[in-house]
Amino acid sequence: MKKYKVGILGATGMVGQRFVSLLENHPWFEINVLAASKRSAGKAYTEAVGEKWSMDTEIPEKISNMILMDASEDAKKIASMVDFIFCAVGMEKEEIKELETVYAKLECPVISNNGAHRDTPDVPMIIPEINPEHSEIIHAQRKRLGTKKGFIAVKSNCSLQCYIPAAYPLMDLGITKILVCTYQAVSGAGKTLSEWAEMNDNIIPFISGEEEKSEIEPLKILGKIDNDRIIPANFLSITSQCIRVPVSNGHTAAVFMSFEKEVPLDNIINRWENYSAYSQKLGLPSSPKKFLYYFKEEDRPQIRKDLKLESGMAVAIGRLREDKHYNIKFVCMSHNTIRGAAGGAILMAELLCHEGYI
């Protein structure tokens, strides 16, 4: 099988580093371009990252001396050198929107980790195990953009990828409302504990924009395509509270859920344990063999014990029980920079390659 040549925009940041580490030995994708801001352009990757490399593996030798390009100024050249790009740039929303549109119109597909286009009606926001059919909207988007190959596809906010996967197998049971409190690692802010002194022995009960994303984005993921746009779901409501906690990696969520009628707990656990998605059956390189893990132990899931399930691509669930005000409550957890960011984007790219969009 031919290898796809890929580029990483924002390669020096936290998520960009995760893309680099996950793609080192990828069987389908080969890094051909690394790009970042103007201040890093022209430097070797190792020099530009310096002491900010925060992965638990070394910088891959074959790209350590790769010279960074300017993600904005070199767009045309970059587009000509790759089959598609992963975008994880740290810019203002409107700047990201413009940059990603530029690449798409240069006939370079964009797999974005950014939130700029998540509310664009014909841009799919895909979790491969949940809504792979949303890729069909790419045809309408290409028509709007006037492209043959170029398009933009985005992954969702990292925190909701630990609880929406747990909710999805239960949707046909009549979920009416969800209350979720997320406890989010510092890597979700692109930082480490060693460089963020404020997080030492502390929690911060506010993450800018996070609650709005947690309440709105799932409705698009669960929506339907109609008349060249994705119409958000309207059959449930979600309210959230998002808290930053002194953990390096891994987002945890406490979830409360109501149904139209009472549902036996054994039924719910059985659905989680036996859930299998279309994308898993395809045998994609980054797809977890088992997507959802339910733990019966009262003190699970835990970051230290369960974060690397399926190489960080699985979702861990536990503490399912009845609730006095909602029908059920449970806890879930996933790796925010793997499943919730770079790994989820890579899996989405694998799906789109398999389906012929790239």
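This is a short walk through one structure, from its sheet and the helices packed on it to a few residues in the loops. Keep in mind that this is a predicted model.

Okay, let's start with the sheet. Six strands, or rather 6 strands as I have it on my slide, make an open sheet, and going across you read E3-E2-E1-E4-E5-E6. The pairing is parallel. At the edges you have strand E3, residues 69–70, and strand E6, residues 152–154, and each of those pairs on one side only.

Let me zoom in on one pair. Strand E4, residues 84–87, runs parallel to strand E5, residues 110–112, and 3 bridges join them. If you want a spot to click on, Ile85 stands opposite Val110 in E5.

Now, what packs on this sheet? One answer is helix H1, residues 14–22. H1 touches strand E1 (4–9), strand E2 (29–36) and E4, and the direction of H1 makes about 160° with that of E1.

H1 also meets a helix from much further along the numbering, H12, residues 338–354. The axes of H1 and H12 come within 10 Å and cross at roughly 50°, so we call the two helices oblique to each other. For those who care about handedness, H1 passes H12 in a right-handed crossing. So who does the touching? From H1 it's Val15, Arg18, Phe19 and Leu22, and from H12 it's Ile338, Ala341, Ala342, Gly343, Ala345 and Ile346. Sort the residues of that contact by type and you get 8 nonpolar, 1 polar and 1 charged. And here's a bit of textbook to go with that list: an α-helix has 3.6 residues a turn, so residues three or four places apart point the same way.

H12 comes back in the next stop, which is helix H6, residues 138–145. In H6, the buried residues are Ile138, Ala140, Gln141, Arg142 and Leu145. Note that Gln141 and Arg142 are on that buried list. What covers them? The cover over the buried residues of H6 includes helix H5 (93–105), E6 and H12. Just after H6 comes Gly146, with a positive phi of about 75°.

Step back to the loop between E5 and H6, and you find Glu136. Is Glu136 buried or exposed? Somewhere in between: its relative accessibility is 49%, so Glu136 counts as partly exposed. Setting aside neighbours within four places in sequence, Glu136 is in contact with Ile225 and Tyr357. Glu136 and Asp228 are 92 residues apart in sequence, yet their C-alpha atoms are 9.5 Å apart in space.

Last part: backbone oddities. As background, most residues other than glycine have a negative phi, and most peptide bonds are trans. Here are three places to look.

First up, the peptide bond from Arg300 to Pro301 is cis, with omega near 5°. Pro301 is in the loop between strand E12 (292–295) and helix H11 (303–306).

Then there's Asp201, which is not a glycine but has a positive phi, near 55°. You'll find Asp201 in the loop between strand E7 (175–184) and helix H8 (210–221). Its relative accessible area is 76%, so Asp201 is exposed.

And finally Glu310, again a residue other than glycine with a positive phi, near 50°. Glu310 is in the loop between H11 and strand E13 (315–322). At 23% relative accessibility, Glu310 counts as partly exposed.

That's my tour, thanks everyone.

Definitions and conventions. Residues numbered from 1 in each chain as written. Predicted model: local features only at pLDDT ≥ 70, side-chain atom pairs only at ≥ 80, totals over all residues. Heavy atoms only, no water. Pairing = 2+ DSSP bridges. Helix = DSSP H or I, 4+ residues; strand = E, 2+ residues; numbered from the N terminus. Contact = heavy atoms within 4.5 Å. Axes fitted to C-alpha atoms, helices over the stretch in contact; angles between N-to-C directions. Buried < 20%, exposed > 50% of the residue type's maximum accessible area, 1.4 Å probe, protein only. Parallel < 35°, antiparallel > 145°, perpendicular 65-115°, else oblique. Left-handed = near helix turned anticlockwise from the far one by under 90°. Nonpolar A, V, L, I, M, F, W, Y, C, P; charged D, E, K, R; others polar.
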